[in-house]
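User: Please take a close look at one part of this model: the contact between domains and what is found there. Then place that part in the rest of the chain.

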Amino acid sequence: MNKSFDADVIVIGAGLAGLRCAQVLTANNLSVLLIESNDYVGGRLRSFAVDGYIIDQGFQLINPSYPELIQSGVLKEFDLRTYDPGIEFRENDSRFTLSDPRAGALASLQGIRKSSLPFRDILRIGKVLAGSYLSPARQLMQREDTDTFHGLRAAGISENTIRTFFQPFLRGTFLDDELATSWNYARLILKSFAKASPGTHPEGIQALPQAFARDLPLSSVLLNTKVTRISENKVSSTNGDFSARAIVLATDGSSAAQLLPSTPPQWRSQTTWWWSAPKQTDSSALRIDLSDRLLCSALDISSRAPERSPKDCSLIATPMIGNQPTLELEQRARASVAHLYEINVEQVQLITTTIVEKALPALAPPFAPKFVNKNGTVFCAGDYLESPSIQGALHSGAKSAHAVRAALHSSHRSAMFDDPA
Ligand SMILES: Cc1cc2nc3c(=O)[nH]c(=O)nc-3n(C[C@H](O)[C@H](O)[C@H](O)COP(=O)(O)OP(=O)(O)OC[C@H]3O[C@@H](n4cnc5c(N)ncnc54)[C@H](O)[C@@H]3O)c2cc1C
């Protein structure tokens, strides 16, 4: 490294994009200064304790089939507790299950046959799921794109089945009730669902960014430091100025738009109610209440991570779309939990409510991951450039790290041929 710089690369933001970027750069023997405004690493992945329960700052699951997560190697020593692969749909007294697609398309559809969906649509659901699972990701991304509603209609699925099955199935992942999200991206999500069951960690979702941070030299992470200005090789911050050969801006899309003027993303919000209930058994599949569509889903988090609740209690997470929980909505959510777990409303106690206004950047079609490099020395990373997910954030972080590495390598080579001053 040139002595006049503080590091080879300054990475701004220690969310998953910044952490993955720093991990790749460090593995390539480049020195990194990772600057984060919060007092913790992880950005939107955060966990905290309340009365013996470990709560996440929003309902999030880790899908071990995400390619960039596999590539990073962090899952090797990660205590991932995966949930049941199926999803249980409940409507009044009837219920049906979408079983593990890896058991085969036919076996997976057996459960849906118990629903009132027309048989013709059930076959088409099978075709969509199998097609997403079997097609290579690159192929799914290259198709002409539309929104998810029209993609499903083009696959021959009736509006009624879209409303009864796909909308409740996908709305929690996109935080989008209209299915306006890119259909090509939706098919990638269906593929990842079909490839592996999602899970959590006994210490909460924040264990994931902490696993990435453990790969970095301690001195390379500077917390409680907000970057206020960026220029070609320098950043100004609440802790002074720092310089580097290259800079990666890995903040969320709105903070990035303030530092490098551009249009901020549209955000989708999530509220999650966290409930205590008597210890449940056989409750490790996601449940969806079709009688009252307030909640996206309900999951007994402690069914696979009992460390996250006191011994005789279950920790149930119930996310909804939006950021304005009222007392009336809370009562509906409580009733929905009682219905889904067949317990009395009085047995369902609220632990806390988490509200994330800027949870996911909206992803309208066409799905076209972006790569941003300004002036040759400033690069951008973050889920808003790739896709609104753990995979999207990690992949954009890795992409920017490889681009920085290539740029620094070529500037080093050209410097070797410069005339001495
Ligand atoms: C409620 C919720 C539910 C979700 N559910 C899922 C899910 O189930 N599955 C899934 O795959 N994904 C899910 N996601 C999405 C996933 O968490 C995000 O896509 C991902 O964490 C984004 O990472 P990032 O690094 O791009 O951004 P961020 O996590 O936002 O990180 C950006 C970092 O930059 C820092 N920063 C900002 N400005 C500055 C500054 N000026 N100076 C220094 N630092 C700065 C911030 O403090 C932050 O730490 C969910 C997200 C939320 C919030």
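Analyst: Two residues are taken to be in contact if their C-beta atoms, placed from the backbone, lie within 7 Å. This is a predicted model, in which local features need pLDDT of at least 70 and side-chain atom pairs count only at pLDDT 80 or more, while totals for chains, interfaces and linings use all residues. Residue numbers start from 1 along each chain, as its sequence is written.

The protein chain is divided into domain 1 (7-45 + 207-265 + 365-416), domain 2 (47-82 + 199-205 + 267-361) and domain 3 (91-195), with bounds from an automatic or database domain assignment. Between domain 1 and domain 2, 20 residues of the former are in contact with 18 residues of the latter. On the side of domain 1 that touches domain 2, at least two residues each come from helix H1 (16-27), helix H9 (207-214), helix H10 (253-259) and helix H12 (390-416). Helices (H or I, at least four residues) and strands (E, at least two) are DSSP runs numbered from the N terminus. H12 gives the largest share of that side, five residues. By class, this side of domain 1 holds 11 nonpolar, five polar and four charged residues; Ala, Val, Leu, Ile, Met, Phe, Trp, Tyr, Cys and Pro count as nonpolar, Asp, Glu, Lys and Arg as charged, and the others, Gly among them, as polar. The C-alpha centres of domain 1 and domain 2 are 30 Å apart.

The ligand lies between domain 1 and domain 2, because both give residues to the shell around it. That shell has 35 residues, of which the closest are Gly-13, Gly-15, Gly-43, Gly-58 and Ala-393; a residue is near a molecule if its C-beta atom, placed from the backbone, lies within 6 Å of it. H1, strand E17 (349-361) and H12 are the elements that give two or more residues to the shell. H1 and H12 are also among the helices that supply the side of domain 1 touching domain 2. The shell divides into 16 nonpolar, 14 polar and five charged residues.

E17 leads to a sheet of four strands, which is open, antiparallel and ordered E15-E16-E13-E17. Strands pair here if DSSP finds at least two bridges between them. Strand E15 (299-300) and E17 are the edge strands, each with a single partner, so one side of each has no neighbour in the sheet. Inside the sheet, strand E13 (residues 267-278) and strand E16 (residues 313-321) pair over nine bridges, and Trp-275 has Ile-316 in E16 as its bridge partner. Helix H11 (residues 327-341) packs on the sheet, where it touches E13, E16 and E17, and its direction makes about 55° with that of E13. Axes are lines fitted to C-alpha atoms, for helices over the stretch in contact, and angles run from 0 to 180 degrees between N-to-C directions.

After E17 comes a loop to strand E18 (372-374), and Pro-366 lies in this loop. The peptide bond from Pro-365 to Pro-366 is cis, with omega near -5°.

Another local feature is the antiparallel pairing of strand E3 (residues 47-50) with strand E4 (residues 53-56), over four bridges. Ser-47 is matched with Asp-56 in E4. The hairpin has two residues between the strands, and Asp-51 takes a positive phi near 50° in it.

A further open sheet has three strands in the order E7-E6-E14, with mixed pairing. Strand E7 (94-98) and strand E14 (286-289) are at its edges with a single partner strand each, so one side of each lacks a neighbour in the sheet. The twist from one strand to the next averages 20°. Strand E6 (residues 87-91) runs antiparallel to E7, joined by five bridges, and Arg-90 stands opposite Arg-95 in E7.

Leu-179, in the loop between helix H7 (159-174) and helix H8 (183-195), has a positive phi of about 55° although it is not a glycine.

Overall, the protein chain has 12 helices and 19 strands. Its radius of gyration is 23 Å, close to the 22 Å that the globule rule gives for 421 residues, so the chain is as compact as a globular protein of that length. That radius is taken over C-alpha atoms, and the rule is 2.2 Å times the number of residues to the power 0.38. The C-alpha trace spans about 80 × 50 × 35 Å along its principal axes.
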